[in-house]
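Visitor: I would like a close look at one helix and at what packs around it, taken slowly and with the criteria stated as we go.

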Amino acid sequence: MAEETITLEVTRYRPGHDREPRLQAFQVPYRKDWVVLDALNYIKDCVDGTLAYRWSCRMGVCASCGKMVNGVTKLTCAAFLRDSRPGPIRVEPLANFPVVRDLVISLDDFMEKLRRVKPWIIREKEKPVAEGEYLQTPAQLDLYKQFSMCINCMLCYAACPVYGLHPAFIGPAAIALGYRYNLDSRDEGYRLRQPILAEAVGVWECTFVGECSVVCPKGVDPAAAIQRSKVAGTKDWFLSFLLPWGGRQKAEKR
Ligand code: SF4
Ligand code: FES
């Protein structure tokens, strides 16, 4: 019996060489336990070794395999061929990002935005290591835990129409990560971080479409982080008349 196959239509593009992206069709074996990434690896290994795309872990952790699959943002290591039968399956680079080659996008803009929101614990004064860890209760951990599950896959940016229209927008994941550290009881960086989240291209750019939270493969809710940061920014504005920054931060963490 002839082997069952399925068609993948894959973007091919070399900026500076090709006039525009085009779709190239490949027949790949159909296996019910194969994901789109397996099909791309088959093409690379057995049909055309010049196909360019990123992947690493094959288990939804490294965040590098995100693509548009039939127009929807997906981690290709978690997108089963069987869910797109009978095909064809269109595989394109993540939307809203410049393409380096074929399915590979440039991470530069996202990395710069991530750096800007200072996604690390900031202390006004570090205590000596000999004095031990900064302890935290389970309730304090619960406050920010879901936002710490972000793997930086950028699916939320590809799904965000605001980022598509206004690339200066800091965007869902970077804001969610900044918010995560603002909520952390060990952090004292609110007054350095919040003004960046609250600037014009920060939370106020968001029109609350909410797609970022819908497409997130890790159950993070960036839309909530953005809306709550808007509330925090508004409270700051009122409290700025009543309290100095230090008082504001203590009020936020209580
Ligand atoms: S918030 Fe979700 S979709 Fe956005 S980068 Fe993080 S893990 Fe990916
Ligand atoms: S290959 Fe690592 S998340 Fe898909």
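Which residues in H6 meet which residues in H7?

Guide: A word on conventions comes before the answer. This is a predicted model, in which local features need pLDDT of at least 70 and side-chain atom pairs count only at pLDDT 80 or more, while totals for chains, interfaces and linings use all residues. Residues are numbered from 1 along each chain as its sequence is written, chains are lettered from A and ligands numbered from 1 in the order in which they are written, and side-chain values use heavy atoms, leaving out hydrogens and water.

On the H6 side, Ile 175, Gly 178, Tyr 179, Tyr 181 and Asn 182 meet Tyr 190, Arg 193, Gln 194 and Leu 197 of H7, where contact means heavy atoms within 4.5 Å. By class, these residues comprise 5 nonpolar, 3 polar and 1 charged (nonpolar: Ala, Val, Leu, Ile, Met, Phe, Trp, Tyr, Cys and Pro; charged: Asp, Glu, Lys and Arg; polar: the others, Gly among them). H6 spans residues 172-183 and H7 residues 190-197, helices being DSSP runs of H or I with at least four residues, numbered from the N terminus. Their axes lie 10 Å apart at an angle of about 155° (lines fitted to C-alpha atoms over the stretch in contact, with angles from 0 to 180 degrees between N-to-C directions). H6 and H7 are therefore roughly antiparallel, a label for angles over 145 degrees, with 35 to 65 and 115 to 145 left as oblique. The crossing of H6 past H7 is left-handed, meaning that the near helix is turned anticlockwise from the far one by less than a right angle.

A second partner of H6 is H9, residues 222-239, packed at about 60° with the axes 8 Å apart, and H6 and H9 are therefore oblique to each other. This crossing, too, is left-handed. Ile 175 and Tyr 179, which take part in the contact with H7, appear here again, joined by Pro 172 and Ala 176, and these H6 residues meet Pro 222, Ala 225, Ile 226, Arg 228 and Ser 229 in H9. The residues of this contact divide into 7 nonpolar, 1 polar and 1 charged.

Finally, the residues around ligand 1 (with a heavy atom within 4 Å of it) include Ala 173 and Pro 222, together with Cys 150, Cys 153, Cys 156 and Cys 216. Pro 222 is thus shared between the list for ligand 1 and the H9 side of the contact with H6. The shell around the ligand has 11 nonpolar residues, 1 polar residue and no charged ones.

Definitions and conventions. Helices (H or I, at least four residues) and strands (E, at least two) are DSSP runs, numbered from the N terminus.
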